Amino acid sequence: MANTINACESSVHCYHCGELCNQSFHFDDKTFCCNGCQSVYQILYNNQLCTYYSLSNKPGLNQKVFTKNSYYDFLDQPEVIDQLIHYKEDSSLHISFTIPNMHCSSCIWLLENLYKINPGVQSSVVNFLNKQINLVFDAKQISLKELVCLLKQIGYEPQLSMQDLESKGQQTIKRTWLYKLVVAGFVFGNTMMLSLPDYFAKGNFLNDSTLGLYFNYLTLVLSVPVLVYSAQEFFLSAWQHLKQKKLNIDTPIALALIIIYLVSIHAIVIQHRMGYLDSLSGIVFFMLLGRYFQTKSYSVLNFNKKYSSYLPIAVTKWNNKKEESIAIKDLNIGDDVLIRQHEIVPADAILIHHEAWFDYSFVTGESQWIKKVKNETIYAGAQLKSGVATLKVSKKPSASYLSQLWNQQNNAKQDDKLLVTEKINFYFSIAVLSIGIIASLYWLLQHQHARAFTALITVWIVACPCALLLSSTFTYGSILHFLNKKGVYIKNASLIEKIKHLKVILFDKTGTLTTTEKPEIEFIPLVQKNIAWNEIASLTHLSIHPLSKAITSYLKPSSIFDVSQYESKTGEGIHGVVNKNFYQIGSAKWLQIDEQSENHFSKVYVVQNGNVEGYFEIKNQYRKGIAPLIFSLRKQYELFVLSGDNDAEKNRLQSWFKKGHLYFDQKPEQKNAFVIKQQNQGFTTMMIGDGLNDTAAFEQSDIAVAVVDNKNNVLPACDMIVQEQSLLKLDTLLAYANKSNAILRISFIISILYNAIGLYFAVQGKLLPVIAAILMPLSTISIVGICFGLAWFYAKKIKT
Amino acid sequence: MSALFVLIAFSLLIALAFLLVFIFSTKRGQFDDTHTPSIRILFDDEKIKSK
């Protein structure tokens, strides 16, 4: 088998990941961009799994960055295994992983054929939407560590974070919802069927036949599970609020359900008449349906991230000059830990190494890397950028600055304010109830006691705020649903109400106004001569630093030369010999060049054989179409830019934003203070950022919007997730969310109409079960139809 | 009419059986993932290649 490395035409794409090959690896007549991609192919080839490549085009993901297998040593510890696995029978273990790299049908196919690579895997089932794989494996044949390494080798490294150790069991909640719903639906259908004969016989059927009696008692028995099981949550939540001497939306519902049931027992057992049991189960069924619909649309996304989900599960510990992988929760004060490049510091610690560079953007929002020297404290959450560093843990991970910050924010944000619609609903029920009391008082004065009783009771039945409640749940539910389709994910319905009051929008610059990829690059020559671009590119393409990558893709080298004596100095630059020329490419400081230009763009200098040839100036690239968006949003909202970076881009931004609305060099505390200042003036504030920086200001704002690209699978803690391509339509999408107002108004009017009809009969004491049975489903179905239909109609009008 | 006593009881039993089947299949995970199976069904059977 030919297996060679050589320089080649650069127009070849990698057979595995589809990226342009700068350096190519050949195997089985296929070309690969790196050793990693090739080894994935080799594994698949040896196991006859090449169908992988025929299911979708270039399905693989680039394998250039690699973690060492020894990192997973902690997976050999029995306690860690016990915490990760779901359950165990003999030697087979059940476990599920989240795999962020899962993105196409090839992934599903390969992951479900794992058993062909290693027979120790007994079963593997993928849940694509949750990016999850459920595995059963035989611990005798393959250990957990080997399994994880196998997944990593084929390019599907599972995400193992602290949070995985802490929580499981979302599925069961979803299933319970479904059980309650189907039970209610089943009873609704059957009681309706048993009531129909009476409705058709205009009330004469059940009154005087034994068959009628039999039917009535059947409905009574059938409704029991609806009351005690399906409607459980209404009673529980009403009771919990009552204990705290509060009333909530579920209080009138719970009350109405109990009254309907008691009245029906009275009617069936004593009066030998029909009850309202079909309406009862119908109400419960439709209300559950509404809530199910509303929660279903965003159950996939995990909005409530904990700080622990950002930390790795394990860390390398120095123990008697030996490397040892231990779980983070077992980390103790005084332990020496070894952090490698790109790893995250798990706990507040003191640097033992003489110096190291850290990226603090996750903790503080600063995009510049920070140099730390010996004995300085490093906070948890910082990412190491330079080679390797040793740290001494000074606080337990759970007591770190990061976790404190996190808990503080989460406590501050918890509020269970009633939605406006819920308030309306509440007052509406009180109003209807008082109408009922007035009506029964009226009949009492007329000395018609029985009629007074029926009027009171039936008004309560009408008052069950079913229709109103449904109109809000279905309106918000369908708006959330259509926004999901447009690439906007909103945490919950109360945020749609917040959007209505939105006044101020704050933009983070990097990653929000600018794109995450392809910066604008210009080469500024300092000497008059032809520059050997390919030689420079030969060097830069070897480095994985973002600036080197940007320069390589800007130069688009036509050929790549061999590089000797290549060396990369983290945070400084690279050097090496190409075609007998010695190149140094890097920062001015490293190369000891006096910077003359005033602007603050990132610069990368090129020095050939000791002579400065010039520098690359790297400007941020703004998203295409961001300017029209800003001008459109300006009409309605106050826009600000809060950037942690320097003011190099001030002139360009000034043409888009109002004077004095640009803030540069903002520290995280300043950003946070700015948000609070806006809120104190009574403005509802939205902050748009990539969500990984500025956690404090982000959490403080009323609506935290995270912009994510498809490749980045890390979802930050936020209220709203906007996909990159949807950001440019933010103005129309916000306007769409505001349409909920109009839809709600229409459905409110309709439900009030239905209620008025119901009340008309009820106050006269003439609300027969048949009228209730017609009104209730009719009002529900028309309201559901209108809410969904209008939401769909407005969504269609958004241009995609 | 008296036949209805039996018939209604039977129809309820059958409906109940369907309800139980539904609950049972939910418990087995039938409705946990409604997306992946739609992709899975499009995979071809293995062509066994000889080296």
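## A strand pair to start from

Let's begin with one small detail: Ser564(A) has Val577(A) as its bridge partner in β21(A). That pairing belongs to a longer run, since β20(A) and β21(A), the latter covering residues 573-578, are joined by five bridges and run antiparallel. Keep in mind throughout that this is a predicted model.

## The sheet around it

Zoom out a little and you'll find an open sheet of six strands in chain A, in the order β19-β24-β23-β22-β21-β20, with antiparallel pairing. Which strands stand at the edges? They are β19 (520-525) and β20 (563-569) of chain A; each has a single partner strand, so one side of each is left without a neighbour in the sheet. On average, neighbouring strands here are turned by 15° against each other, ignoring direction.

A helix goes with this part of the chain too. Helix α20 of chain A, residues 533-540, lies across β20, β21, β22 (581-586) and β23 (602-608) of chain A. Against β22(A), α20(A) runs at about 60°.

## Chain A as a whole

Now for the wide view. Chain A has 30 helices and 29 strands. Of its 800 residues, 41% are buried. If you take the contacts in chain A with a separation of 6 or more, 65% of them are between residues 24 or more positions apart.

One helix to look for is α30 of chain A, which spans residues 769-797. Its 29 residues reach 42 Å from the first C-alpha to the last, close to the 42 Å expected at 1.5 Å a residue. The buried residues of α30(A) include Pro769(A), Met776(A), Ile783(A), Leu790(A) and Tyr794(A).

## Nonpolar cores

In soluble globular proteins, nonpolar side chains tend to be buried together. Here, the largest nonpolar core has 104 residues. The ones with the most contacts inside this core are Leu257(A), Val459(A), Leu506(A), Val705(A) and Met720(A). Leaving out residues up to four places away in sequence, Leu257(A) touches Leu227(A), Ala231(A), Phe234(A) and Leu280(A). Apart from that core lies another, of 61 residues, with Leu44(A), Leu75(A), Ile142(A) and Trp357(A) among them.

## Where chain B comes in

How many residues does each chain bring to the contact? Chain B brings 19 residues and chain A brings 17 residues. On the chain B side, α1 (3-27) and α2 (36-40) each supply at least two residues. The most comes from α1(B), which gives nine residues. By type, the side of chain B that touches chain A divides into 11 nonpolar, three polar and five charged residues.

Conventions
Residues are numbered from 1 along each chain as its sequence is written. Chains are lettered from A and ligands numbered from 1 in the order in which they are written. This is a predicted model: local features need pLDDT of at least 70, side-chain atom pairs count only at pLDDT 80 or more; totals for chains, interfaces and linings use all residues. Two residues are in contact if their C-beta atoms, placed from the backbone, lie within 7 Å. Helices (H or I, at least four residues) and strands (E, at least two) are DSSP runs, numbered from the N terminus. Ala, Val, Leu, Ile, Met, Phe, Trp, Tyr, Cys and Pro count as nonpolar, Asp, Glu, Lys and Arg as charged, and the others, Gly among them, as polar. A nonpolar core is a set of buried Ala, Val, Leu, Ile, Met, Phe, Trp, Tyr and Cys residues joined through C-beta atoms within 7 Å. A residue is buried if 20 or more other C-beta atoms lie within 10 Å of its own, exposed if 12 or fewer, and partly exposed in between; C-beta atoms are placed from the backbone. The expected span of a helix is 1.5 Å times one less than its number of residues. Two strands pair if DSSP finds at least two bridges between them. Axes are lines fitted to C-alpha atoms, for helices over the stretch in contact, and angles run from 0 to 180 degrees between N-to-C directions.
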